[in-house]
Amino acid sequence: MITRAELQKHFHNECKKRYKPLGFTRLKNGYWRVVGDVLQTFSLQLSSSGREGRICFGVCPLCMDIQFIVDVGSYYLGQFNPETI
């Protein structure tokens, strides 16, 4: 079974290869970039046990009040049904 630390290491190694070249900057367990006037984010969130996790992402206009950016625009990949995409 893969440990929490191994999962995080693998996630960040893959992100370094795939998303750093696209302009994303790492901040703790997440990545962000600004394109035009839009903030794009994604992060790895693990349960306290480390056995479950999810990738969350957000797209927020920079004109939005900064206090709400953390809470608005987070989506979980598990919410999407592949048949509807």
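**Notebook: strands, rings and a surface patch**

I started by reading along the sequence, and the protein chain follows the pattern α-β-β-β-β-β. That fits the tally I looked up next: one helix and five strands. Note to self: this is a predicted model.

**Entry 1, the whole chain.** I wanted to know how much of the chain is tucked away. Buried residues make up 20% of the 85 residues in the protein chain. The accessible surface comes to about 6600 Å², and carbon and sulfur atoms hold 57% of that surface. I also checked the contacts with a separation of 6 or more, and residues 24 or more positions apart account for 22% of them.

**Entry 2, aromatic rings.** To describe a pair of aromatic rings, I need the distance of the centres and the angle of the planes. How many aromatic pairs are there? I got six, counting rings whose centres lie within 6.5 Å.

I looked at Tyr 19 and Phe 24 to begin with. Their ring centres are 6.1 Å apart and their planes stand at 85 degrees, so I wrote this pair down as edge-to-face. The cut-off for that label is over 60 degrees. Are these two residues buried or partly exposed? Tyr 19 has 29% relative accessibility, so it counts as partly exposed. Phe 24 has 9%, so it counts as buried, the limit being under 20%.

Then I turned to Tyr 31 and Phe 42. This pair is stacked, with 5.2 Å from centre to centre and 15 degrees between the planes. Both Tyr 31 and Phe 42 are buried. Where do they sit in the chain? Tyr 31 is in strand β2 and Phe 42 is in strand β3, which covers residues 38-46, so the pair ties together parts that are 11 residues apart in sequence.

I then checked how these rings group. Phe 11, Tyr 19, Phe 24, Tyr 31 and Phe 42 form one aromatic cluster, so I've now met both of my pairs again inside it.

**Entry 3, out on the surface.** Next I looked for nonpolar side chains on the outside. Leu 27, Trp 32, Val 34 and Leu 62 form a nonpolar patch on the surface. Together they have about 370 Å² of accessible area.

I picked Val 34 for a closer look. It lies in strand β2, which runs over residues 30-35. Why does Val 34 count as partly exposed? Its relative accessibility is 40%, so it falls between the buried limit of 20% and the exposed limit of 50%. Strand β2 therefore gave me both the buried Tyr 31 and the partly exposed Val 34.

Key: Residues numbered from 1 in each chain as written. Predicted model: local features only at pLDDT ≥ 70, side-chain atom pairs only at ≥ 80, totals over all residues. Heavy atoms only, no water. Patch = residues over 30% accessible without salt bridge, like charges linked within 9 Å, V, L, I, M, F, W, Y side chains within 5 Å. Areas by Shrake-Rupley, 256 points an atom, 1.4 Å probe, with all protein chains shown as cover. Salt bridge = Lys/Arg side-chain N within 4 Å of Asp/Glu carboxyl O. Helix = DSSP H or I, 4+ residues; strand = E, 2+ residues; numbered from the N terminus. Buried < 20%, exposed > 50% of the residue type's maximum accessible area, 1.4 Å probe, protein only. Contact = heavy atoms within 4.5 Å. Phe/Tyr/Trp six-rings, centres within 6.5 Å; stacked < 30°, edge-to-face > 60°.
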